[in-house]
Amino acid sequence: MKFCANVSILFKDAPFLERFERAAAAGFAAVEFWWPAGEALDEVESAIKAAGVQVALFNFDAGEMAKGDRGLLSDPDRQQRFRDNVPVALELAQKVGCDKLNALVGVERAPGARQDQLVLAAENVRWAADQAAPHGIAITIEAVNTFENGPYLVSTTRQAAAFVDRVDRANVRLQYDAYHMQRMEGNLVATIEQHLPRIAHIQIADSPGRGQPGTGEINFPFVLDAIDALGYEGWIGLEYNPTTATTEESLGWMPDRSV
């Protein structure tokens, strides 16, 4: 199995630009990350190349995450910010050899606005997918739990799959996050099996505390063995908050993080 480190949530005892090297030193061949929070993109590119890691996936600009934003593409007041970000993100992806970009759909702005927002979000993802397709880049759609993220518009695998159907582009696929989906629906292995042909990326953390595997209720040996047996060949992103003093100390659960 191929594990990659999400350097936006792991190695937090180091500045963001130093985390790529930390991931490489810990044995990871690949990383993923959220949209940089103020770091210059040329410096991000340089840090990635200096560390010698692949980039499995990163997020489009999702707004002010600390203030509750979870994506811009369903917000009519800020859809231009999303569209302005698309070519910038595509350029960075090409420079660092990344072929998947994750689009957070956003939260419900007002009661009764959900369907209009989903229509707008699908229109924006469709537009972005058309920009990404000539470069061989896929866009992933992720269901996110509503316990920590407010009234997120796509909060179950079924809703995410329906949204992908609405977008109707071959390069728009699912990102499956085991942590979010354990909180929202459970039934992880059966759901992954059902949707596997559409899943382009998987992320994991234990539930309910979002720590490393082995700190919560998910039977990760069973889940990971099942994913492997199903023939999934993509990356599995580690998007958890270590319960140990350092990220490195939290990695003892991993059977093998080499590729």
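Residues are termed buried at under 20% relative accessible area, exposed at over 50% and partly exposed in between (1.4 Å probe, protein chains only). The structure is a predicted model, in which local features need pLDDT of at least 70 and side-chain atom pairs count only at pLDDT 80 or more, while totals for chains, interfaces and linings use all residues. Residues are numbered from 1 along each chain as its sequence is written, and side-chain values use heavy atoms, with hydrogens and water left out.

**View 1. The two sides of helix α2 (residues 41-51).** Helices (H or I, at least four residues) and strands (E, at least two) are DSSP runs numbered from the N terminus. Val44, Glu45, Ala47, Ile48 and Ala51 are the buried residues of α2. They fall within an arc of 165° seen down the helix axis, and so line one face of α2; the arc is that of the directions from the helix axis to the C-beta atoms. Asp42, Lys49 and Ala50 are exposed on the face turned away from the buried side.

**View 2. Surroundings of α2.** The cover over the buried residues of α2 includes α1 (19-25), β2 (30-33), β3 (54-59) and α3 (79-96), where contact means heavy atoms within 4.5 Å. Glycine 52, with a positive phi near 70°, follows α2.

**View 3. Lining of the largest cavity.** A cavity is a set of points on a 1 Å grid over the protein atoms alone where a 1.4 Å probe fits but cannot get out, and lining residues have an atom within 4 Å of a point. The lining consists of Ile141, Ala143, Thr157, Ala160, Leu174, Gln175, Tyr176, Asp177, Met181 and Ile199. Two or more of these residues come from each of α6 (157-167) and β6 (172-177), and β6 gives the largest share, 4 residues.

Methods
1 Å grid on protein atoms, 1.4 Å probe; cavity = no way out; pocket = protein on both sides within 12 Å on 5 of 7 lines; lining within 4 Å.
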